[in-house]
Amino acid sequence: MKHDKYTALLTFPVRSMTQLTKTAWSMVIECPEVAAKAQPGQFVNLLPDGSFTLRRPISICGIDREQGTLRIVFEVRGKGTEALSELRAGDSVNMLAPLGHGFSLPDKNSRVILVGGGIGTPPMLPLAQYFGKNAVVISGFRNRDAVILQEDFAACGAKTILCTDDGSAGRSGLVTLPLEEEIKAEKPALICACGPLPMLKATAALAETYEIPCQVSLEERMGCGLGACLVCACRTQDADGNEQYLHVCKNGPVFNSQEVIW
Amino acid sequence: MADLSVNICGIPFKNPIIPASGVFGYGREYEQFYPLSKLGGISTKGTTGTKRTGNLPPRTAEAPMGMLNSVGLQNPGVDAFIANELPHLLSCDTVILANIAGSTPEECAEVAAKLDKTDVHMIELNISCPNVKQGGAAFGTSCSAAAQVTKAVRLATKKPLCIKLSPNVTSITEIAKAVEAEGADAVSLINTLLGMRIDLRTRRPILHNNMGGYSGAGIFPVAVRMVWQTANAVNIPVIGMGGVMSGEDAAELMMAGASAVQVGTAIVQDPYAPLRIIDELNDWLDANGVDKADTLTGSVKPW
């Protein structure tokens, strides 16, 4: 007596599934109504098949309104994402989307620097598409085996700078070195970043030093994804310096870097 | 179509399914999915005397057949609740249970007194939150403390008063009898079971608060047992909750003694869960020739 009519409202076909690296997967989901509404920086909340209770929030990597699809790129981190990686074209996935507050974007002729670290790189792609040749995309990975999406960024016309921790691909070292060089070369109107917390913190610090607006996409263990259950808390301060917890799922995942208490 | 209506403390509910406190906020996030009038009632996010920021994240972790949470009663305080949330909730054509909590019996009584002047239908006093240092489960784990806080709140309001009980006790029936003796009109149970998970890589607890409340399908048999024991121990209605994921689960909890059923973790997973559970309960009643949902309550035939 399971009432499938409600489940059907959240069920979408998987159009394609591609393995990008040993651990990273690209999934294209057929969801015309969701794609029509989705904005860069928003996320989807996927329920893996099996005995999982919590959904897995994953940022949107591609919005194709003509095809009516969303693309997500995610990394297998645990059992839930492993189950998601086992989906194939023709399967269906239980998804709540689009969710959250995305990037607030200036005119597309503005110079922007997009900073992605590891599996934080995918949400930079819709931004690179929007800003095209006016975007500089700086991506950092552990090593060459972890590198993803560089051709996609180049196809947008963006300038791409690749860094790896061990120098096995692109430049050796952290993304903050080329970030500072690019800032000094020509001050951008905006910096957008997603990746590990230390990278975001360092990026936000540089943005503050050079007085450049900076938007960061954050991650936190999440529940409902809608702003009701209040588990995905992010420590922030308002303009008057009053501390408060906002929520990654509803107020974010994208925050102004100055709101966040690092 | 069975008659799903139930009556608790003189309050008519159109059906027995109520989103539990904490998972549903003040309902606003769910109105994009369906009108709140479809619900039997709503138990609102726990409200305290003044604003609380809640606990440091991470506040949740996956667990076998469920999840842990440690929110720590983040809420804007009772004055903001009454000014900004309650008017809209009361316009939604469903029963509103205002869930309240506090660090002291005085704080709980103050919150109840303010709500007593509103049109809220019922007050649900949470004496079982496992995630706060003061009050919370400290009230709900001893008979004398449970009695003391119930007495204070009882003096502050004439509204129907439901006490939400903790399962983290030696005998839930003793606590239930203690609050009944101090004038509680109903009890709701069970709150979450205290649990913990550890990240093997970092050797740190996943929750920043180290421990948190375990909820979801895994606690359902504990809920059935405690509802059954409690319903047999007191003469006031029992609102059951704990791991209800389907209409059949709701029917089972009602047979154990629940007059209505709250749904929590199922909603965290699926916003449509309450509507699905209402439909499934109705289907079960129809398929089994039961005309009225309220005849299920306490109808278990124990060995």
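**A walk through chains A and B**

Let us start inside chain A, where the C-alpha centres of domain 1 and domain 2 lie 24 Å apart. Chain A is assigned domain 1 (4-99), domain 2 (104-215) and domain 3 (218-262), with bounds that come from an automatic or database domain assignment. This is a predicted model, in which local features need pLDDT of at least 70 and side-chain atom pairs count only at pLDDT 80 or more, while totals for chains, interfaces and linings use all residues. Residues are numbered from 1 along each chain as its sequence is written, and chains are lettered from A and ligands numbered from 1 in the order in which they are written.

How do the two domains meet? On the domain 1 side, 14 residues of chain A are in contact with 12 residues of domain 2 of chain A; two residues are in contact if their C-beta atoms, placed from the backbone, lie within 7 Å. Two or more residues on that side of domain 1 come from each of β4 (56-64) and β5 (69-75) of chain A, and β4(A) gives the most, with 5 residues. Helices (H or I, at least four residues) and strands (E, at least two) are DSSP runs, numbered from the N terminus.

Now step back to see chain A as a whole. Its secondary structure comes to 7 helices and 15 strands. The radius of gyration of chain A, taken over C-alpha atoms, is 18 Å, close to the 18 Å that the globule rule gives for 262 residues, so chain A is as compact as a globular protein of that length. That rule is 2.2 Å times the number of residues to the power 0.38. Along its principal axes, the C-alpha trace of chain A spans about 65 × 45 × 35 Å.

Next comes the meeting of the two chains. Chain B brings 33 residues to the contact and chain A brings 25 residues. On the chain B side, β5 (60-63), β6 (66-69), α8 (265-269) and α9 (273-287) each give two or more residues, and α9(B) gives the most, with 6 residues.

Finally, look at helix α5 (residues 172-181) of chain B. Which of its residues are buried? They are B:I172, B:I175, B:A176, B:A178, B:V179 and B:E180, where buried means that 20 or more other C-beta atoms, placed from the backbone, lie within 10 Å of the residue's own (exposed is 12 or fewer, partly exposed in between). Their cover includes α4 (143-156) and α6 (220-233) of chain B. After α5(B) comes B:G183, whose phi is positive, near 105°.
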